Amino acid sequence: MQSTIYSSITEGKAGNKKKLALLIDPDKFTSVDVVKNAESVGVDYIFVGGSLLSKGNFSACVETIKQNTKLPVVIFPGHIDQVSPDADGILFLSLISGRNAENLIGKHVMAAPILKKTKLEIIPTGYMLIDGGKITTALYMSNTVPIPHDKNDIAACTALAGEMLGLKLIYMDTGSGAEKHVALKMIKEVKKSISIPLIIGGGIRTPEDAYEVCKAGADMIVIGTIAEQSPQLIEQIAKAVHYTQPIKEKGTTGL
Ligand code: 1GP
């Protein structure tokens, strides 16, 4: 198994080149244009997955995405059924913020032999759900309690434990459609506690959000909802992530 995707993430981290992942939820995948244009507007990875699939066909969705982009397609699975050999890699998520044994190891035992038969790049990821102001689908479906928004020490120790367990990435998420993204102070504290790359998702809506979250310490951010609602914003968010577009910070005149 090659580690092309993970290498590109660690190289980005080493060179302070922040990355943008566009999340496609198969249930809400209506326009292929967003995928077609993703590379040219500055997206680095396509993530695909959803906490609950009620309408979409996961495999067909991955196939369509692959046919329309050269970007790496990474499965961000909401369920064990969300595996497609057509993708390039999969975040092998362990929900380390929760105490639900199924999401910590149980589903992995069932998924492992299926994944072994594919050529997918497996990326062991410590997934942490953080309270983002409302009960999102991810939160509800996980049957776990999220880390409170202001408990930076719990978040930092959880991420550190994940790294010590050998996980390769930490992904902190307030869940798709959350009211708030992960607090900047929490991102800073977690960043200080780990040396593996840090992904932040959930509730990132504007180029300013993207810039601040990256500046606080995210090595990669994930956007889903805003890309569905306002695809024209993806390019500006990508520019903010890649620091190519000046962003006015509160109390300053900009970069
Ligand atoms: C959810 O991190 C992703 O798991 C994206 O969240 O849809 O709120 O951008 P949004």
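This passage walks through the ligand site and then the salt bridges of a predicted model.

The ligand comes first. Its shell is made up of 14 residues, and the closest are D173, S176, G177, G224 and T225. Sorted by type, that shell holds 8 polar residues, 4 nonpolar ones and 2 charged ones. Several polar contacts can be picked out by their distances. G224, listed among the closest residues, puts a backbone N or O atom 2.9 Å from an oxygen atom of the ligand. Y171 works through its side chain instead, with an N or O atom there sitting 3.0 Å from a ligand oxygen. R205 also uses its side chain, a polar atom of which is 3.3 Å from an oxygen atom of the ligand. As for cover, the ligand on its own would expose 310 Å², and the protein buries 98% of that area.

Now for the salt bridges. Searching the whole structure turns up 5 of them, and three are described here, including the pair formed by D25 and K28. In that pair, the side chains meet with an N to O distance of 3.8 Å. The two partners sit in unlike surroundings: D25 has a relative accessible area of 13%, so it counts as buried, being under the 20% cut-off. K28, at 43%, is partly exposed because that value falls between the 20% and 50% limits.

Another of the salt bridges belongs to helix α7, which spans residues 184–193. Here the side chains of E189 and K192 come together at 3.1 Å, N to O. The two residues are 3 apart along the helix, or about one turn. How exposed is each partner, E189 and K192? E189 is partly exposed, with a relative accessibility of 33%. K192 reaches 64%, and it counts as exposed because that is over 50%.

Helix α10, covering residues 234–241, holds a similar arrangement: E235 and K239 both lie in it, 4 residues apart, again about one turn of the helix. These two form a salt bridge in which the closest N and O atoms are 4.0 Å apart. That distance still makes the list because the cut-off for a salt bridge is within 4 Å. As for accessibility, E235 is partly exposed at 34%, and K239 is likewise partly exposed, with a relative accessible area of 34%.

How values were computed. Residues numbered from 1 in each chain as written. Predicted model: local features only at pLDDT ≥ 70, side-chain atom pairs only at ≥ 80, totals over all residues. Heavy atoms only, no water. Near = heavy atom within 4 Å. Polar contact = N/O pair within 3.5 Å; in protein donor to acceptor, adjacent residues only side chain to side chain. Areas by Shrake-Rupley, 256 points an atom, 1.4 Å probe, with all protein chains shown as cover. Nonpolar A, V, L, I, M, F, W, Y, C, P; charged D, E, K, R; others polar. Buried < 20%, exposed > 50% of the residue type's maximum accessible area, 1.4 Å probe, protein only.
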